[in-house]
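Okay, thanks everyone for squeezing in. I'll put the structure up and walk through a few spots in it, one at a time.

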Amino acid sequence: MAVRPASKERLTAVADSGTTGTAQDAPKRDARRDRPPTIRDVAELAGVATSTVSRALARPDRVNPRTRVRIEEAAAELNYVPSSQARGLSSGRTNAVAVLVPDITNPFYFDIIRGTQHQLKAAGVTQLLVDTEESSEMELDALHKMRKSADGFILAASRLTDAQLAEVSRTQPLVTFNRASTSAPTVMIDTPSAIIQALEHLASLGHHRVCYVAGPPTSWSNQARWKVFEEDATRRGMEVHRIGPYTPKTTSGAAAADAAVRTGATACIVFNDLLAIGMLQRLQARGIRVPADMSIIGSDDIFGADFCNPPLTTISSPIEQAGRVAVSMLLAQLNPLSGSASRQLAVMPTHLTIRESTGPAPH
């Protein structure tokens with residue numbers, strides 16, 4: 001079969017353009033210079049389908065070596081750099097992790113978010129932040145909707161049931177924070193040990209009637225704290241009271257303070273600092289002196305706990321470090337090392353920080 005020689009016009013067009021191709025191809029090349037190259041441009045130059053380019057760049061071992069070399073040469077010629085989104089589509093990874101918190105306005109979660117953000121950034125992973133508004137329904141809904149948007153999840157103080165956590169963990173890598181779980185790796189703040197420290201502190205000040213101010217009924221840590229509080233206070237021969245549950249916000253403090261006064265208790269251990277600070281404000285408004293008439297102990301040592309009136313005695317722990325540990329445990333699931341077992345439990349230490357909201361029991 002005879003091959004028709006290239007026309008003079010075609011040769012001129014090629015010479016003028018400085019590249020191979022027909023005169024009709026020139027507008028396409030000019031358009032490419034005005035925008036970043038795409039995977040379609042690479043496919044066109046290499047003479048293959050875009051799906052083949054995607055496989056060659058994401059999983060080279062799944063493409064014929066000659067084809068792969070041709071695609072790599074085309075990509076290099078065009079200075080093509082695959083986007084993270086495109087890599088995600090081809091590899092099944094998004095390079096993103098979702099962090100779910102019950103209340104984004106609660107300063108306790110600020111340090112968790114900072115810790116997870118720093119650790120994820122160091123690993124080249126984007127953090128997606130979700131406020132579940134203390135709702136187990138919203139938390140579960142977010143987990144289902146974000147399965148394709150995130151490679152894994154960190155659930156801070158999850159409000160899900162054990163059965164719900166088990167179901168989610170079967171389909172998605174996750175780590176729970178301050179929520180014991182047999183179905184997922186967990187980072188625990190050892191608040192129960194600090195409850196014992198707090199009761200010992202109150203006993204040393206002569207308090208015999210103590211009250212636990214409870215947080216959300218769906219909070220696992222709330223139940224764990226109450227269990228230790230009741231057992232240890234009873235062992236010490238203290239008169240035990242429990243009030244609540246209360247939403248862990250300062251706005252709930254007034255009702256909690258009024259209820260605490262009615263119990264006749266001389267000291268309260270409160271679910272969190274926000275609720276405790278709200279109680280301080282209400283007690284002051286009622287003319288009830290803290291700590292002369294009632295001692296108050298919070299939990300979390302949030303920003304502001306040391307300059308409220310009076311400064312709050314509270315339970316402290318390395319929250320930012322705990323956030324970093326949670327990320328490390330999740331990344332170990334996402335990128336398991338050969339022959340190594342991922343860590344299932346990390347317990348962060350706590351201690352009682354004594355300030356001016358606790359004092360001797362009134363006589």
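So, helix 5: the buried residues here are T67, I71, A74, A75 and L78. They cover an arc of only 100 degrees around the axis, so they sit on the same side of helix 5. If you want the general reason for that sort of spacing, an α-helix has 3.6 residues a turn, so residues three or four places apart point the same way. Flip to the other side of helix 5 and you get R66, E73, A76 and E77, which are exposed. Keep in mind that this is a predicted model.

While we're on this helix, does its length add up? What should the 14 residues of helix 5 span, at 1.5 Å a residue? The expected span is 20 Å, and the end C-alpha atoms are 20 Å apart, so the two agree. Now the ends. At the start of helix 5, a side-chain oxygen of N64 comes to within 2.9 Å of the backbone nitrogen of R66. After the helix comes N79, and its phi is positive, near 55 degrees.

Next, the aromatics. The count is five aromatic pairs. Take W226 and F229: their ring centres are 5.9 Å apart and the planes are at 25 degrees, so this pair is stacked. These two are three residues apart in helix 11, residues 220–235, so about one helical turn separates them. Buried or exposed, then, for W226? W226 is buried, because its relative accessible area is 15%, and F229 is buried too, at 0%. Compare F303 and F307: here the ring centres are 5.5 Å apart with the planes at 80 degrees, so we call that pair edge-to-face. F303 counts as exposed at 69% relative accessibility, and F307 counts as exposed at 56%. Back with the stacked pair, Y212 joins W226 and F229 in one aromatic cluster.

Now cysteines, since somebody always asks. How many disulfides does the count come to? Zero. C268, for instance, is in no disulfide; the nearest cysteine sulfur belongs to C211 and is 4.4 Å away. The cut-off for a disulfide is 2.5 Å between the sulfurs, so that distance of 4.4 Å doesn't qualify. C268 counts as buried, with 0% relative accessibility. C308 is buried as well, at 15% relative accessible area.

On to the strands. Strand 11, residues 345–348, has a covered face made of A346 and M348, and an uncovered one with L345 and V347. That fits the usual picture: in a regular strand the side chains alternate between the two faces of the sheet. What joins strand 11 to strand 5, residues 186–189? Four bridges do, and the two strands run parallel. One pairing to look for on the screen is I189, whose bridge partner in strand 11 is M348, one of the residues on the covered face.

Last stop, T314, which is found in strand 10, residues 313–316. T314 is buried, with a relative accessible area of 0%. What does its side chain reach? The side chain of T314 gets to the backbone oxygen of G298 at 3.3 Å, and to the backbone nitrogen of D300 at 3.5 Å. So if you click on one residue after this, T314 shows a buried side chain with backbone atoms of G298 and D300 within reach.

That's my tour, over to you.

How values were computed. Residues numbered from 1 in each chain as written. Predicted model: local features only at pLDDT ≥ 70, side-chain atom pairs only at ≥ 80, totals over all residues. Heavy atoms only, no water. Buried < 20%, exposed > 50% of the residue type's maximum accessible area, 1.4 Å probe, protein only. Phe/Tyr/Trp six-rings, centres within 6.5 Å; stacked < 30°, edge-to-face > 60°. Expected span 1.5 Å × (residues − 1). Arc of directions from axis to C-beta. Polar contact = N/O pair within 3.5 Å; in protein donor to acceptor, adjacent residues only side chain to side chain. Pairing = 2+ DSSP bridges.
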